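Here's a set of exercises to work through with the viewer open. Try each task before you read the solution under it.

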Amino acid sequence: MTTQAPPFKKLSVCIVGGGVAAIEAALALSDLAPEQTDVTVIAPNSEFVYRPMTVVEPFAFGGARHYPLAPIVADAGAKLLVDELSWIEPKKNTLHTKGEEAIVYDALILALGARAHPRYSHGTTIDDRRLDETLHGLIQDVEGGYIHSMAFVSPGRMAWPLPLYELALMTAGRAYDTQAELATTIVTPEDSPLTIFGQGASDTVSELLQRANVQTITSAYAEVPEANEVVINPGNRRLKVDRVVALPELYGPGVRGIPLGENGFIPVDQHGHVREVKGPIYAAGDAIDFPIKQGGLGAQQADAAAESVAALAGAAVTPKPFDPVIHAKLLTYDQPLYLTAQISGGHGFSSEASHTPTWSPPSKIAALYLAPYLDELDKAADAAKDTGAPRQAVEVPDGAIQTAGVSV
Ligand SMILES: Cc1cc2nc3c(=O)[nH]c(=O)nc-3n(C[C@H](O)[C@H](O)[C@H](O)COP(=O)(O)OP(=O)(O)OC[C@H]3O[C@@H](n4cnc5c(N)ncnc54)[C@H](O)[C@@H]3O)c2cc1C
């Protein structure tokens, strides 16, 4: 008598979020365990916006690309549910959505991002959803010679480090180009510029800032008591400027039903498993309690979580722990600078800085699956574009940003 094998049941995986970490996790699972998993992505956003490129918008160099989310999710072989997570019942492996659905999962990956809040009530806080709207007028005032001094301030807890430096460098570059007089100062709690990239890369960034005439005040804790004043501690020094631009402060997504760490971030182990939760719940990206928030690192965290889920689903995968290597393409007014470092204990070592790309494709978000996937989409979109299409910033392999043949 022959016995029939029980029907194979795929692992039902929910990925919550529609940003870098969520898409990377979905693409990773489609590669690692396509036959063993049934993936649903739950997100409220209809588009995936390439946030790092929003920094060029105030300079009229084009802008960030917007990709419809549904085809990306479909390409990953997953289903998209347009909804939002409301709360989780880990003991029942169930999540509840704002749309009042109760969804039972076999594994859950939380990729909810961080919440950005202005730290100062004065000055302009960087908000990538409307950078053009908030900073374009300011850049025009620099060009017109109406603004003579600006401070770019990072509040105590570092949010995303790159955009502050990029905006300062590009503003100083635009002032130089238009022969406007501008004193540009970065105020940061870091020990040295972009210190997370380690000494070597930080020294190169310091030289770049000096050449661009951008002064940097490091180990500084700033307050902005008035729109034109920055108070720097220790020392209670006062910096008078015409305008202040600040990074926001980041907070965790504050999910109901799981334990949360300091400032609402989700505590995870090196495989992305949420600490102190018995069930199969993982998290990745800006939402977790890793001190550095960066898309490339978020993608590596998503890969670690996806590997754990793939192994759980029975795929032949040995999950590797998150072992961060940070890659950053720093936009300047001239050639970009490519920075790489390994991170350990919140510090960068083995750092490298180069004007030629050291990773491929050399995109701003260095991600195993997302970067080549978007690269293909971009190439196809560029090929399909007519000559009369609107100008759009594109990243070029070993040069500056280009807009319709104009090098910046
Ligand atoms: C101006 C700027 C420049 C940057 N430059 C770089 C750079 O050069 N390189 C780099 O690597 N990184 C850069 N970063 C950082 C990078 O953009 C972030 O680290 C990255 O977007 C984090 O990805 P994430 O998926 O964790 O979060 P997000 O990209 O924030 O995505 C979170 C997703 O979760 C969804 N969501 C939120 N709440 C819910 C809910 N309750 N239910 C369902 N879905 C929900 C949101 O809609 C969103 O889709 C930059 C950031 C900014 C703002």
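**Exercise 1. Sort the ligand shell by residue class, then find out where its residues come from.**

Start with the classes: the shell around the ligand splits into 19 nonpolar, 11 polar and six charged residues. Keep in mind that this is a predicted model.

Next, count and rank. There are 36 residues surrounding the ligand, and G19, P52, G113, G285 and G295 are the closest. As for elements, those giving two or more residues to this shell are α1, β2 (37–43), α4 (162–177) and α6 (295–312).

Finally, check the domains. Domain 1 (11–115 + 250–323) and domain 2 (118–248) each supply at least three residues to the shell.

**Exercise 2. Describe how the two domains meet.**

Begin with the distance: 32 Å separates the C-alpha centres of domain 1 and domain 2. Then look at the contacts, where 10 residues of domain 1 touch 16 residues of domain 2. On the domain 1 side, the touching residues are five nonpolar, two polar and three charged.

**Exercise 3. Locate the largest nonpolar core and pick out its hubs.**

The largest nonpolar core holds 128 residues, and I15, A25, A26, L29, I109, L110 and A111 have the most contacts inside it. Now ask which helix gives the most to this core. That's α1 (residues 20–32), with 10 residues. Both domain 1 and domain 2 contribute residues, so the core lies between them.

Zoom in on one hub, A26. Leaving out residues up to four places away in sequence, A26 touches I15, V39, V41, V73, A76 and A78.

**Exercise 4. Check the geometry of α4 and decide how enclosed this helix is.**

Step one is length. With 16 residues at 1.5 Å a residue, α4 should span 22 Å, and its end C-alpha atoms are 22 Å apart, so the two values agree. The expected span uses one less than the number of residues, because that is how it is defined.

Step two is burial. Of the 16 residues of α4, 12 are buried, so the helix is largely enclosed by the rest of the structure. Among the buried ones are P163, Y165, E166, M170 and R174.

Step three: what covers them? The cover over the buried residues of α4 includes α3 (131–143), β12 (149–153), β13 (183–187), β14 (214–217), β18 (243–246) and β21 (325–330).

Last, look just past the helix: α4 is followed by Q179, which has a positive phi near 55°.

How values were computed:
Residues are numbered from 1 along each chain as its sequence is written. This is a predicted model: local features need pLDDT of at least 70, side-chain atom pairs count only at pLDDT 80 or more; totals for chains, interfaces and linings use all residues. A nonpolar core is a set of buried Ala, Val, Leu, Ile, Met, Phe, Trp, Tyr and Cys residues joined through C-beta atoms within 7 Å. A residue is buried if 20 or more other C-beta atoms lie within 10 Å of its own, exposed if 12 or fewer, and partly exposed in between; C-beta atoms are placed from the backbone. Helices (H or I, at least four residues) and strands (E, at least two) are DSSP runs, numbered from the N terminus. Domain bounds come from an automatic or database domain assignment. Two residues are in contact if their C-beta atoms, placed from the backbone, lie within 7 Å. A residue is near a molecule or strand if its C-beta atom, placed from the backbone, lies within 6 Å of it. Ala, Val, Leu, Ile, Met, Phe, Trp, Tyr, Cys and Pro count as nonpolar, Asp, Glu, Lys and Arg as charged, and the others, Gly among them, as polar.
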